[in-house]
2 protein chains.
Amino acid sequence: MVIQQKIKQWLEENKQRGVRILQQLVQEGSTRGNESSAQAVIIEKCRKLGLTLDIWEIGKEALIKHPAFSSDRKDFSGNPNVVATLKGTGGGRSLILNGHIDVVPEGDRNDWEHDPFSGRIEDGKLYGRGSTDMKGGTVSLLLAMEAIISLDIKLKGDVIFQSVIEEESGGAGTLAAVLRGYKADGAIIPEPTNMKIFPKQQGSMWFRITVKGRSAHGGTRYEGVNAIEKAMIVMSKLQDLEKARNLKITDPLYSKIPIPIPINIGKINSGEWPSSVPDIAVIEGRMGVAPDEDMKSAERELEFCMKKVAEKDDWLKKNPPQVEWFGGRWIPGNLEENHPLMSVLSESYEAVKGKQPVVEASPWGTDGGILSRIGDTPVVVFGPGVTEAAHDVNEYISIQEVFHAAEIIALAIMEWCGTGSDRHN
Amino acid sequence: MVIQQKIKQWLEENKQRGVRILQQLVQEGSTRGNESSAQAVIIEKCRKLGLTLDIWEIGKEALIKHPAFSSDRKDFSGNPNVVATLKGTGGGRSLILNGHIDVVPEGDRNDWEHDPFSGRIEDGKLYGRGSTDMKGGTVSLLLAMEAIISLDIKLKGDVIFQSVIEEESGGAGTLAAVLRGYKADGAIIPEPTNMKIFPKQQGSMWFRITVKGRSAHGGTRYEGVNAIEKAMIVMSKLQDLEKARNLKITDPLYSKIPIPIPINIGKINSGEWPSSVPDIAVIEGRMGVAPDEDMKSAERELEFCMKKVAEKDDWLKKNPPQVEWFGGRWIPGNLEENHPLMSVLSESYEAVKGKQPVVEASPWGTDGGILSRIGDTPVVVFGPGVTEAAHDVNEYISIQEVFHAAEIIALAIMEWCGTGSDRHN
């Protein structure tokens with residue numbers, strides 16, 4: 001039996017165990033600050049696989065002071081990063097397999113059909129916050145490694161599995177892993193690409209815009225200045241800026257993406273009292289950054305836009321909106337399409353799926369930017385799950401795709417790292 | 001010495017004591033749920049004046065089930081209503097003097113030059129949240145009564161002083177006083193009218209509009225529907241509705257008011273995460289109601305407007321904005337301009353100020369609507385303090401106006417209730 005058949009058969013035979021670990025991971029709802037229980041599931045699994053474990057709390061001075069560090073989290077204690085290495089026999093290319101364990105908040109629970117952390121299975125789908133983004137992908141990685149180990153396949157290059165925190169808030173977990181010395185000849189991040197291969201990833205960064213008003217009694221609201229009304233002007237200008245920025249994107253990899261680099265207004269808070277005129281409005285959002293764009297120049301573009309909006313309004317001229325860049329910050333990724341890692345992954349895909357993969361640019365940022373630009377590690381993003389389900393209510397993942405991804409990644413690992421048979425046979 | 005001179009002289013001699021009690025009241029910051037310490041100051045004062053005290057916790061079933069009751073407060077315990085009666089000798093008209101003890105929140109403390117509850121005095125002004133709205137007016141009432149009592153003037157009609165809670169949240173305190181049986185032949189509410197006389201008061205009510213979206217990852221925001229963007233459409237429609245409603249106001253009493261019945265958007269909250277598309281936005285605000293308008297028909301007008309906005313947007317058509325009427329609700333007041341209470345107050349004003357008072361319609365709701373429509377008590381709103389300062393940062397009141405108002409109200413009390421001299425001399 002050829003090796004690919006053995007992998008397929010092993011995955012088939014271990015389907016229930018694979019689904020069970022995904023279910024456990026989803027049930028340990030690892031929102032920010034609560035990652036430890038899900039990491040414990042990962043640690044137990046890696047220990048059983050006999051991997052060399054490295055478990056540490058991030059947050060050392062070298063991380064906090066790094067120019068690419070961007071986080072508003074004060075305390076990382078109790079929620080460690082996990083790296084588990086499968087040491088190769090030598091002479092092969094090394095590969096990082098990177099997944100993040102943190103999940104975004106579940107949103108309005110009433111909108112969920114079932115408990116957001118149920119891990120419920122129905123019609124071949126597993127439901128719950130984090131199933132698609134990206135515990136499904138992480139399980140694909142674990143299954144790929146377990147299949148290789150169980151089938152006693154010896155790899156030449158090292159495989160470095162990483163389960164990091166903080167991806168959803170700017171990548172401090174992956175940055176910490178890079179600073180701890182983890183680099184490799186290539187990396188796969190199985191974010192939910194819907195099985196497409198993304199050599200380029202949109203970067204992004206969070207902004208906060210504070211708009212001032214002047215409070216007054218609502219009954220004489222004309223004596224005050226409503227911060228919400230002024231925020232509406234600001235938000236409408238952000239919509240214009242998004243349009244203008246996206247008109248400039250000509251990369252054919254983005255041709256099927258309606259808004260290649262969106263500006264998402266994710267949050268607004270203003271006012272304390274229905275019958276008072278609110279004196280402050282705070283808008284928070286996420287600005288997409290093009291793969292070849294400099295983060296700083298994107299910042300300046302938004303700041304300039306706010307200066308322009310202020311010029312056209314007497315109140316805003318005297319009280320210009322204040323722009324801050326805080327929290328999440330994802331450096332864009334920009335791998336050349338003819339990189340060897342691209343062909344290895346594409347060929348593995350074709351071997352399993354019997355057709356060519358779709359190659360696109362990712363519409364969202366990942367930790368790939370940090371791995372590639374800071375860690376000098378070429379990165380491809382490829383994984384099961386559909387982007388539409390990520391961050392949405394009733395998030396789910398197709399169980400079959402988790403196993404297909406595992407099979408493809410297993411083949412890619414063997415091809416990339418090289419197998420012992422090349423040496424010993 | 002004529003009685004007016006004696007009142008003026010007494011007020012002059014007792015200026016420091018009067019200022020001190022106002023300062024104490026402001027320092028006891030009586031935001032909602034924290035009214036008890038300020039009420040304790042009132043109780044001590046009324047006890048010293050020898051008034052008959054009635055102190056009770058509101059919230060009985062008859063109140064909660066009353067059609068005019070409107071409050072989202074669950075617990076009224078520990079923060080009583082206070083009514084203190086100066087019994088007349090008989091044969092005169094009774095008068096309610098009504099002030100509310102609750103104050104709105106202080107807002108962003110950083111915008112205040114000094115502690116919002118300092119009670120600091122500078123250039124004849126006393127500063128702090130509640131100074132104008134309406135502890136200054138309450139002190140005018142107390143001073144007027146104390147002057148009359150100290151000068152041993154016997155009144156024929158009863159004077160019923162009320163220090164109520166919950167005015168800023170819909171008048172449950174005054175409604176409770178009405179239901180407890182307190183009615184009179186007339187009432188003065190010294191809200192900050194800037195010494196103008198308001199026979200008519202704008203009513204108002206709070207609304208909450210819930211706008212649905214569909215969450216998604218911010219990087220593929222086109223897969224979701226941003227509740228904030230939809231809320232912007234809703235808010236812009238509310239601005240149009242405000243314009244349309246105010247064009248219909250032709251009462252000459254409102255001729256100098258830029259927006260006679262404003263729709264104030266006081267609050268918006270949406271989103272939990274900068275890089276998620278928010279799935280719900282909640283707008284809260286205050287809708288002004290014209291003196292002769294029916295509350296229910298005003299409600300229907302806003303609800304109809306939301307139906308119209310939904311028709312023009314595919315998403316809103318399927319997910320129409322939900323309108324709720326909650327919390328604050330102030331019935332408008334509509335006293336005829338030739339009511340005897342109007343002439344009594346106008347003449348007292350002229351006697352003190354040497355000129356005719358300005359008569360206007362109030363741009364905001366007061367407890368006057370409940371007193372008049374539910375309590376059958378004719379109400380005039382007249383007091384020291386400028387509306388612009390109410391609910392604003394650095395709220396202040398002119399100390400001189402507090403004393404002028406006290407003098408005018410003292411004369412009005414004597415004229416309205418009748419003095420013992422009519423009987424005994």
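**Close-up 1. Tyr396(A) and its aromatic partner in a predicted model.** Let us start with Tyr396(A), which is partly exposed because its relative accessible area is 25%, a value that falls between the 20% limit for buried and the 50% limit for exposed. This view, like the others here, comes from a predicted model. The partner ring belongs to Tyr127(A), which counts as buried at 19% relative accessibility. Across the structure, over all chains, there are 14 aromatic pairs. In the one shown here, the ring centres of Tyr127(A) and Tyr396(A) are 5.8 Å apart and the planes meet at 45°, so the pair is tilted. Distant parts of the chain are linked by this contact: Tyr127(A) belongs to strand E5 (residues 125–127) of chain A and Tyr396(A) to strand E16 (residues 396–398) of chain A, with the two positions 269 residues apart. Look also for Lys125(A), which lies over the face of Tyr396(A) at 4.7 Å from the ring centre.

**Close-up 2. An edge-to-face pair in chain B.** Here the rings of Phe207(B) and Trp325(B) have centres 6.3 Å apart and planes at 75°, so they form an edge-to-face pair. Phe207(B) sits in strand E9 (residues 203–212) of chain B and Trp325(B) in strand E12 (residues 322–330) of chain B, 118 residues apart, and the pair links these distant parts of the chain. Both Phe207(B) and Trp325(B) are buried.

**Close-up 3. A charge over a ring, and a ring cluster.** In chain B, the charged end of Arg208(B) sits over the ring of Phe326(B), 3.9 Å from its centre. Turning to the cluster, ring pairs connect Trp206(A), Phe326(A), Trp330(A) and Trp273(B).

**Close-up 4. Strand E8 of chain B and its pairing partners.** Strand E8 (residues 197–201) of chain B is mostly covered, with five of its five residues buried. E8(B) runs antiparallel to strand E15 (residues 379–382) of chain B, joined by two bridges, and Phe198(B) stands opposite Val381(B) in E15(B). With strand E14 (residues 359–362) of chain B, E8(B) pairs in the parallel sense over three bridges; here Gln201(B) stands opposite Ser362(B). Strand E13 (residues 333–334) of chain B pairs with E8(B) in the antiparallel sense over two bridges, and Lys200(B) stands opposite Asn334(B).

**Close-up 5. An annotated span of chain A.** An unreviewed UniProt entry carries the annotation "domain: Peptidase M20 dimerisation" for residues 201–313 of chain A. In the model, the end C-alpha atoms of this span lie 37 Å apart, and the span is 34% helix and 26% strand.

Methods. Residues are numbered from 1 along each chain as its sequence is written. Chains are lettered from A and ligands numbered from 1 in the order in which they are written. This is a predicted model: local features need pLDDT of at least 70, side-chain atom pairs count only at pLDDT 80 or more; totals for chains, interfaces and linings use all residues. Side-chain values use heavy atoms; hydrogens and water are left out. Rings of Phe, Tyr and Trp (its six-membered ring) pair if their centres lie within 6.5 Å; planes under 30 degrees apart count as stacked, over 60 as edge-to-face and the rest as tilted. Helices (H or I, at least four residues) and strands (E, at least two) are DSSP runs, numbered from the N terminus. Buried means under 20% relative accessible area, exposed over 50%, partly exposed in between (1.4 Å probe, protein chains only). A charge sits over a ring if NZ of Lys or CZ of Arg is within 6 Å of the ring centre and within 35 degrees of the ring normal. UniProt positions are given in the numbering used here, feature names are shortened, and annotations may be inferred rather than shown by experiment. Two strands pair if DSSP finds at least two bridges between them.
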